[in-house]
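Hi,

Here is the structure I promised to pass on. Have a look at it first, and then read on for what turned up when I went through it.

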Amino acid sequence: MRTKVVGSLADTVAGARAEAVLKACVHCGMCNAVCPTFQLTGDELDGPRGRIYLMKGALEGEAVGPETLLHLDRCLECRACETACPSGVEYHRLLDVGRPFVEAKVGRPLPDLIFRDLIRWVTIHAETFRVAAALGRLARPILPANLKAKLGVMNPTVAVRPESAPTPPLTGQMALLAGCVQAAAAPHFNAAAKRVFRRVGVALDESPGVGCCGAVSFHLDAPAEARAFARRNIDAWTAALDGGASAVVVTASGCAAFIKDYPDLLADDPAYAEKARRVAEAVRDPVEVLEGSAPAAARTPAEPRIAVHDPCTLRNGLRLGGRVEALLRRLGYEPQPVQGAHLCCGSAGPYSILQPKFAGTLRENKLAALTEAAPAAICTANIGCWMHLAETSPVPVRHWIEAVDDVT
């Protein structure tokens, strides 16, 4: 696709990145077949091809309005289109440039700005989120239904199961992202990861100074804040890697996928560009470590029938689809078939709050597919998907690392 970025992004790294993505697109439309929002509305502008045309026009200087921003906002950034594209179009890299550009041109109504800032302010710090959740429980009777449901699934207490057998001596160490929302809403995820890794001789340590990965800030119109978070994390993880850590383990696939994009986020920063690449290359989802060295199953699963939900960030962002299922099967679980496994559940970070109608429909469809074979539980890999699915799921929703912890 011929294109020429003009205006403020011309001759910039971001502009060059956007041009490269646009030039790779042959507008075949195969991406629409796997796009969740296109399937819901049937509107070309709610599919990747249509959104690419909208961003192309904006970046080439065409007039844009609220309708343009509306269709871009409806994108879940699930990246299913990237897996279906025969030309290798990296759609999310274009969206990360095009959506902020359009937003700067169009602007948002003041109530929308305040709401988005409030979501960001509450979620980017674990302590703030804990306080907000506690206040939310007190005000629960007057909260909207979707916020009530989110509060209902949080589990701020960690149930530490004592070790049933001696653990091997430590032979390695890795850094561990504590996170923001996950640290407050589901600290038992990382607690389970620490126990499982300890059984294969690896210590997981939460590096001092590391906080939110920056994804929420970036997707809620605060890119400078996202870069500041990234620099802070990079400094802490660089120190950990220099101190002997062999990897950075991230139990939330959404955070891992964003950290993998730190080199893009800081491409214009000469002081951090190379450090960002080093950290991005060191990031590991737990399954990447455990699939080659998982502890042997010490017991049979009490409820072996499960459904595995591969979040979009795990399947499309990290390209690790199917590997959690394979690991759990080796440990004695019986993953059930899931129709339309490639379709997004509707969580997508703050999307479930900002686009509740679309998110609710996608969740309803996803839960129908996940529970069709009557599993005892659903295993997922991302904090946002866990919260979103658990709100209305008829069966328990867990992080898959907890299932590993149960049988090893």
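One cut-off before anything else: a residue is called buried when its relative accessible area is under 20%. Arginine 17 has 19%, so this arginine counts as buried. Please also keep in mind that this is a predicted model.

Staying with arginine 17 for a moment, you'll find this residue in helix α1, which covers residues 13-24. What does arginine 17 contact, leaving aside its neighbours within four places in sequence? The answer is Arg93, Val97, Asp264 and Ala267. Of these, Arg93 and Val97 belong to the stretch 91-106, which is helix α6. If you want a distance to check in your viewer, the C-alpha atoms of arginine 17 and cysteine 85 are separated by 18 Å, with the two positions 68 residues apart along the chain.

Now the overall picture. The protein chain has 23 helices and eight strands. Its radius of gyration is 21 Å, and a compact globule with 408 residues would have one near 22 Å, so the two agree. Along the principal axes, the C-alpha atoms fill a box of roughly 65 × 45 × 45 Å. Buried residues make up 53% of the 408. If you take the contacts with a separation of 6 or more, 74% of them are between residues 24 or more positions apart.

Next, the sheet. Four strands make an open sheet with parallel pairing, and their order is β2-β1-β3-β4. Why are β2 (202-206) and β4 (283-284) the edges? Each has a single partner strand, so one side of each is left without a neighbour in the sheet. As a reminder, strands of a sheet pair through backbone hydrogen bonds, either parallel or antiparallel.

Strand β1 (residues 172-176) pairs with β2 over five bridges, in the parallel sense. Two of the bridge partners are easy to pick out: glycine 172 goes with valine 202 in β2, and glutamine 173 goes with alanine 203 in β2. β1 also pairs in the parallel sense with strand β3 (residues 248-249), here over two bridges. On that side, leucine 176 stands opposite valine 249.

On to the aromatics. A search of the whole structure gives three aromatic pairs. One of them is phenylalanine 218 with phenylalanine 258, a tilted pair at 5.8 Å centre to centre with 50 degrees between the planes. This pair links distant parts of the chain, since phenylalanine 218 is in helix α12 (residues 215-219) and phenylalanine 258 is in helix α14 (residues 253-260), 40 residues apart. Phenylalanine 258 also pairs with tyrosine 262: the ring centres are 6.1 Å apart and the planes are at 90 degrees, so this pair is edge-to-face. Together, Phe218, Phe258 and Tyr262 form one aromatic cluster.

Are the members of that cluster buried or exposed? Phenylalanine 218 is buried at 14% relative accessibility, phenylalanine 258 is buried at 10%, and tyrosine 262 is buried with a relative accessible area of 0%. Another ring to look at is tyrosine 272, where lysine 275 lies over the face at 4.9 Å from the ring centre.

You may be wondering about the cysteines. How many disulfides does the structure hold? Zero. Cysteine 345 is in no disulfide, and the nearest cysteine sulfur, that of cysteine 385, is 3.9 Å away. The cut-off for a disulfide here is sulfur atoms within 2.5 Å. For cysteine 379, the closest cysteine sulfur is also in cysteine 385, but at 13 Å, which is too far for a bond. Cysteine 345 is buried at 2% relative accessibility, and cysteine 379 is buried at 2% as well.

Last, helix α4 (residues 66-73). Its buried residues are Thr68, Leu69, His71, Leu72 and Asp73. Which helices are included in what covers them? Among them are α3 (48-59), α6 (91-106) and α20 (351-354).

Cheers

Technical notes: Residues numbered from 1 in each chain as written. Predicted model: local features only at pLDDT ≥ 70, side-chain atom pairs only at ≥ 80, totals over all residues. Heavy atoms only, no water. Phe/Tyr/Trp six-rings, centres within 6.5 Å; stacked < 30°, edge-to-face > 60°. Buried < 20%, exposed > 50% of the residue type's maximum accessible area, 1.4 Å probe, protein only. Lys NZ or Arg CZ within 6 Å of the ring centre and 35° of its normal. Pairing = 2+ DSSP bridges. Contact = heavy atoms within 4.5 Å. Rg over C-alpha atoms; globule rule 2.2 N^0.38 Å.
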